[in-house]
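Good morning, and thank you for coming. I would like to take you through several helices in one structure and the contacts between them. Please have the sequence and the structure in view.

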Amino acid sequence: MNIRLVLNLAGIVLVFSSGFMLLPLLYSLYKGEDTSALVVSLVLTLFSGLLLYFVNRSQRNVELKHRDGFAVVTISWLIMSLFGSFPYIFSGVAVSFTDAYFESMSGFTTTGASVFRDIEGLPGGILLWRSLTQWIGGMGIIVLSIAILPMLGVGGMQLFKAEVPDIGVEKIRPRILDIAKSLWYIYAGLTLTLALLLMLGGMSVFDAVCHAFTTMATGGFSTRNESIAFFQSAYIDFIITLFMLLAGVNFSLHFYALRGKLSRFTRSTEFRFYCSVVLLSSIVVTFSLILSGNYSSVSEALRYATFQVASIMTTTGYATADYEMWPFFTQLLLICLMFFGGMVGSTGGGMKQVRILLIFKQAYRELYHLIHPHAVSALKLDGKSLPKETIGGIWGYLFLFILISVFASLCMTMMGVDLVTSVTTVISAMSNVGPALGEAGPANNYSAIPVQGKWVLILCMLIGRLEIYTVIVLFVPHFWRK
């Protein structure tokens, strides 16, 4: 591995991160807040980025190798989270480095798990930076993936999927830079549109901008202790539900929609599956809430059910109700939806809809072969046959997801965390959702988790965000051998 090349690229990432720190700094100046924490953080981040870049600038024209790419993606997320924690440390809002790094990693991985008890008591500049980390991480994972993964020979132009080639994201433009620009324009345009719609619903400019950042990133950080429930607005619930679902859609489909090719949506098997899961889950949760007596009217039950289904499945993690007060069946269903996540090429986390869909298809094909043992059938997606390596990669991903989740849950219980909290926080972290059950439910936060447990969850957040293989491959001995 060319460590100097990796550090050179990591330096560029830090320089861009320091540029984003200008926005909360300017807002703090406007509000008359203490800006020292943000100034020091910006200077340190910029200086470190420039230092890494110029010290290793001799590597600028060196070809990025297979191993270097994996290291760049993982190290970039680790180093961004480190420097992103500085505003929390220097402002004193985080009681320890662990809490600051946890909050920063939760932001950049768009998990939305928070250790802050009183969010509304935080300075405005810190709240804006907190929301901005999720916005950066949301599209940043796609941009890094299309810039790095194509060079690794593990999936061509596909976003996110080093292990599932030829699924989900097409060559919407011939050049990587053009694709990145197009997706950023769409991402920024949807964010601006959402902010304006939220302001029309009565949100302040600050709240609207922060929630637009974290909604489009499917992150879930809110400026309010009660999350979206604070606003008590059916209009705001509807708008955020709509944009959470849009953020969970493959962004290449949005690109084609802007070009008038709406048929791309109906032709996408994954999109139809995504919509079916949302619709069916919302109906089931609605009826469950009515039968249990949690809500008296169908419209009220539908409003809260649809919002929470969209929030959990797209891994945003907002809350308009304390779903721990809902029936156990409904809670378990929401936990199951954490696994589904968004579509491939979206800002959502989880296993991704396409993997779940193909697992169902493969299971059905096995049953069909039991009935017709001599039949020849191919596994297809959008009318195209998939190679055996593809489904093998998905089963490998599922195995690693379950293995890591079980091991991490065991580690959490060893630290004295109760079983429900241990299992659900690990699943939530691996799927980048945020709220879980037990001590980390929607009405609580992660401050009660032991220090060691927070580091376990930090690692789970990183592994889940970077699609498991990208991180785990660094722990394989052969990776480090020449």
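I begin with helix α13, residues 269-292, and helix α16, residues 353-371, whose axes come within 9 Å and cross at roughly 95 degrees. Please bear in mind that this is a predicted model. At that angle, α13 is roughly perpendicular to α16. On the α13 side, the residues in contact are T269, E270, F273, Y274 and V277; on the α16 side, they are Q353, V354, I356, L357, F360 and K361. Sorted by class, this contact has seven nonpolar, two polar and two charged residues.

Let us look at one of these residues, T269, which is in helix α13. Is T269 buried or exposed? Its relative accessibility is 15%, and buried means under 20%, so T269 counts as buried. Leaving aside residues up to four places away in sequence, T269 touches L357, K361, L381 and D382.

Next, helix α16 itself. Its 19 residues should span 27 Å at 1.5 Å a residue, and the end C-alpha atoms are 28 Å apart, which agrees. Which residues of α16 are buried? They are Q353, V354, R355, I356, L357, L358, I359, Q362 and R365. These buried residues pack against α13, α14, α15 and α17 (388-414), and also against β1 (380-381).

That brings me to helix α15, residues 328-340. This helix has 13 residues and reaches 19 Å from its first C-alpha to its last, close to the 18 Å expected at 1.5 Å a residue. Its buried residues are T330, Q331, L333, L334, I335, L337, M338 and F340. What do they pack against? Their partners are α13, α14 (298-313), α16 and α18 (419-430). Just after α15 comes G341, which takes a positive phi of about 65 degrees.

I now take the pair α14 and α15. In general, two packed helices are described by the angle between their axes and the distance between the axes. For α14 and α15, the axes come within 7 Å and cross at roughly 40 degrees. The two helices are therefore oblique to each other. From α14, the contact is made by Q308, V309, I312 and M313; from α15, by L334, L337, M338 and F340. By class, there are seven nonpolar residues, one polar residue and no charged residues in this contact.

I turn now to helix α10, residues 234-247. Here 14 residues should span 20 Å at 1.5 Å a residue, and the end C-alpha atoms are indeed 20 Å apart, so the two values agree. The buried residues of α10 are I236, D237, I239, I240, T241, F243, M244 and A247. Which residue caps the N-terminal end of α10? The cap is S233, with a side-chain oxygen 3.4 Å from the backbone nitrogen of Y235.

My final residue is H478, found in the segment after α20 (469-472). With 54% relative accessibility, where exposed means over 50%, H478 counts as exposed. How far apart are the C-alpha atoms of H478 and L302? They are separated by 52 Å, and the two residues lie 176 residues apart along the chain.

To close, I return to the two helix pairs: α13 is roughly perpendicular to α16, while α14 and α15 are oblique to each other. Thank you for your attention.

Note on methods: Residues are numbered from 1 along each chain as its sequence is written. This is a predicted model: local features need pLDDT of at least 70, side-chain atom pairs count only at pLDDT 80 or more; totals for chains, interfaces and linings use all residues. Side-chain values use heavy atoms; hydrogens and water are left out. Axes are lines fitted to C-alpha atoms, for helices over the stretch in contact, and angles run from 0 to 180 degrees between N-to-C directions. Helices (H or I, at least four residues) and strands (E, at least two) are DSSP runs, numbered from the N terminus. Angles under 35 degrees count as roughly parallel, over 145 as roughly antiparallel, 65 to 115 as roughly perpendicular and the rest as oblique. Contact means heavy atoms within 4.5 Å. Ala, Val, Leu, Ile, Met, Phe, Trp, Tyr, Cys and Pro count as nonpolar, Asp, Glu, Lys and Arg as charged, and the others, Gly among them, as polar. Buried means under 20% relative accessible area, exposed over 50%, partly exposed in between (1.4 Å probe, protein chains only). The expected span of a helix is 1.5 Å times one less than its number of residues. A polar contact is a pair of N or O atoms within 3.5 Å; within protein, one must be able to donate a hydrogen and the other to accept it, and residues adjacent in sequence count only if both atoms are side-chain atoms.
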